[in-house]
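Open the model in your viewer and keep the selection tool at hand. The tour moves from one selection to the next and says what is there.

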Amino acid sequence: MQALKIQVVVDDVIVRALPALSPLRGQRVELIALGEAQPPARIAPVAGGLRGQIEIKDDFDAPLPDDIRRALEGDEA
């Protein structure tokens, strides 16, 4: 069996050819096409597909304030 693996951004042209990808429009995905009329093995977003769309603050990994930490841990006190 032969396979072709490509990474693409799902755009209108791809959605017209593969309507099932419509929910992924605008995302970068990896497509794997298998020979012998097999369905695609998987369709998954590719790491970095949201680059430039999400901003991580410098203090992302800083300790949480005590009240928020307690709330997340289920501590009522």
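The stops below cover two strand residues and then the salt bridges.

This is a predicted model, in which local features need pLDDT of at least 70, side-chain atom pairs count only at pLDDT 80 or more, and totals for chains, interfaces and linings use all residues. Residues are numbered from 1 along each chain as its sequence is written, and side-chain values use heavy atoms, with hydrogens and water left out.

**Stop 1: glutamine 7**

Select glutamine 7, which sits in strand 1 (residues 3–9). Helices (H or I, at least four residues) and strands (E, at least two) are DSSP runs, numbered from the N terminus. Glutamine 7 is partly exposed, at a relative accessible area of 47%. Buried means under 20% relative accessible area, exposed over 50%, and partly exposed in between (1.4 Å probe, protein chains only).

Now show its contacts (heavy atoms within 4.5 Å). Leaving aside residues up to four places away in sequence, glutamine 7 touches Arg28, Val29, Glu30 and Val46. Add isoleucine 32 to the selection: glutamine 7 and isoleucine 32 are 25 residues apart in sequence, and their C-alpha atoms are 8.8 Å apart in space.

**Stop 2: glutamate 30**

Go next to glutamate 30, in strand 2 (residues 28–34). Is glutamate 30 buried or exposed? Glutamate 30 is buried, with a relative accessible area of 11%. Not counting residues up to four places away in sequence, its contacts are Lys5, Ile6, Gln7, Arg42, Ile43, Ala44 and Val46.

**Stop 3: the salt bridges**

How many salt bridges does the structure hold? There are four. A salt bridge here is a side-chain nitrogen of Lys or Arg within 4 Å of a carboxyl oxygen of Asp or Glu.

Select arginine 25 and aspartate 12, whose side chains meet in a salt bridge at 2.3 Å, N to O. Arginine 25 lies in the loop between helix 1 (12–17) and strand 2, and aspartate 12 lies in helix 1, so the pair ties together parts 13 residues apart in sequence. Arginine 25 is partly exposed at 42% relative accessibility, and aspartate 12 is partly exposed at 43%.

Move to lysine 57 and glutamate 55, a salt bridge with its closest N and O atoms 3.3 Å apart. Both lysine 57 and glutamate 55 are exposed.

Finish at aspartate 66 and arginine 69, where the side chains form a salt bridge (3.8 Å, N to O). Both residues lie in helix 2 (residues 66–72), three residues apart, about one turn of the helix. Add Glu73 to this selection: salt bridges that share partners join Asp66, Arg69 and Glu73 into one network.
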